[in-house]
Amino acid sequence: MEPTDAAAAADDAGHARNARRARLAEIFRFALVGGVNTGTFFGCYLLLHPWMPYFAAYSLAFLLSMIGSFFLNTYFTYRTRPTWKKFALFPLTNVTNYLVQSVGLYALVTWAGMDDRIAPLVAAVVAIPFTYLISQRILVPRGTGRPSAGPGPGSETDERQPSRLA
């Protein structure tokens, strides 16, 4: 191998390590936002519940936490620009989460015989990768790929740069 080939191979390996680190950081941010979103939902529910019927409190808390989740995921998790189109599509992540958790819950309790008090937690964990992939598909512009050492925040070409809802 010539010196330039070795340097190129080392550069490619370094780029792959950076891409893996960026992906892991993004997944960590996604999980963190999920925790904040769950806390926001429950806090809103507890605050609203004394003032309205439980299902109305549940629905409004769910809506408020979903809106918060949209902005946290666009700005913090994926570092992309929020748009009205993404905002309109974002509820698909919650539908996906609900469907995967529901099927998982049914399968774990009915087919695997798991305790129905524990199964919802296991089903929720199983749903995380599906929700991550769907939210990434909706919120990250196509063609930008993974975060890289390319144009950064402040660059006019950086599609992943946060900005106002446009």
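When I speak of a nonpolar core here, I mean a set of buried Ala, Val, Leu, Ile, Met, Phe, Trp, Tyr and Cys residues joined through side-chain atoms within 4.5 Å. Please keep in mind throughout that what we have in front of us is a predicted model.

With that in place, the largest nonpolar core of this model has nine residues, namely Phe30, Met66, Phe70, Tyr78, Phe90, Tyr132, Ile138, Leu139 and Val140. Two elements give two or more residues to this core, helix 2, which spans 54-77, and helix 5, which spans 119-139, and the largest share, three residues, comes from helix 5. Apart from this core lies another one, of six residues, which includes Cys44, Tyr45, Leu48 and Ala61. As general background, nonpolar side chains tend to be buried together in soluble globular proteins.

Let me step back to the overall fold. The secondary structure comes to five helices and zero strands, so that, by the DSSP runs used here, the order of elements from the N terminus on reads α-α-α-α-α. Of the 166 residues in the protein, 27% are buried. If we take the contacts between residues at least 6 apart in sequence, 63% of them join residues at least 24 apart. As for the surface, the protein exposes about 10,900 Å², and carbon and sulfur atoms supply 69% of that area.

I turn now to the pockets. The largest pocket has a volume of about 930 Å³, and its lining is made up of 29 residues, of which Asn37, Thr38, Asn94, Asn97 and Gln101 lie nearest its centre. The elements that give two or more residues to this lining are helix 1 (3-48), helix 2, helix 4 (91-111) and helix 5. Sorted by class, the lining has 15 nonpolar and 14 polar residues, and no charged ones.

Which residues does Asn37 touch, leaving aside those up to four places away in sequence? Asn37, which lies in helix 1, touches Ser65, Met66 and Ser69, and each of these three is listed among the buried residues of helix 2, together with Ala57, Ala61, Phe70, Asn73, Thr74 and Thr77. Is Asn37 itself buried or exposed? Asn37 counts as buried because its relative accessible area is 18%, and the cut-off for buried is under 20%. Met66, which Asn37 touches, is also a member of the largest nonpolar core.

Finally, I would like to look at the backbone just after helix 2, where Arg79 takes a positive phi of about 50°. Most residues other than glycine have a negative phi, and for that reason the value is worth reading alongside the position of the residue in the chain. Arg79 lies in the loop between helix 2 and helix 3, the latter spanning 84-89. Its relative accessible area is 43%, and Arg79 is therefore classed as partly exposed, given that exposed would require over 50%.

Key:
Residues numbered from 1 in each chain as written. Predicted model: local features only at pLDDT ≥ 70, side-chain atom pairs only at ≥ 80, totals over all residues. Heavy atoms only, no water. Buried < 20%, exposed > 50% of the residue type's maximum accessible area, 1.4 Å probe, protein only. Helix = DSSP H or I, 4+ residues; strand = E, 2+ residues; numbered from the N terminus. 1 Å grid on protein atoms, 1.4 Å probe; cavity = no way out; pocket = protein on both sides within 12 Å on 5 of 7 lines; lining within 4 Å. Points joined across faces, edges and corners; volume = space filled by probe spheres on them. Nonpolar A, V, L, I, M, F, W, Y, C, P; charged D, E, K, R; others polar. Contact = heavy atoms within 4.5 Å. Areas by Shrake-Rupley, 256 points an atom, 1.4 Å probe, with all protein chains shown as cover.
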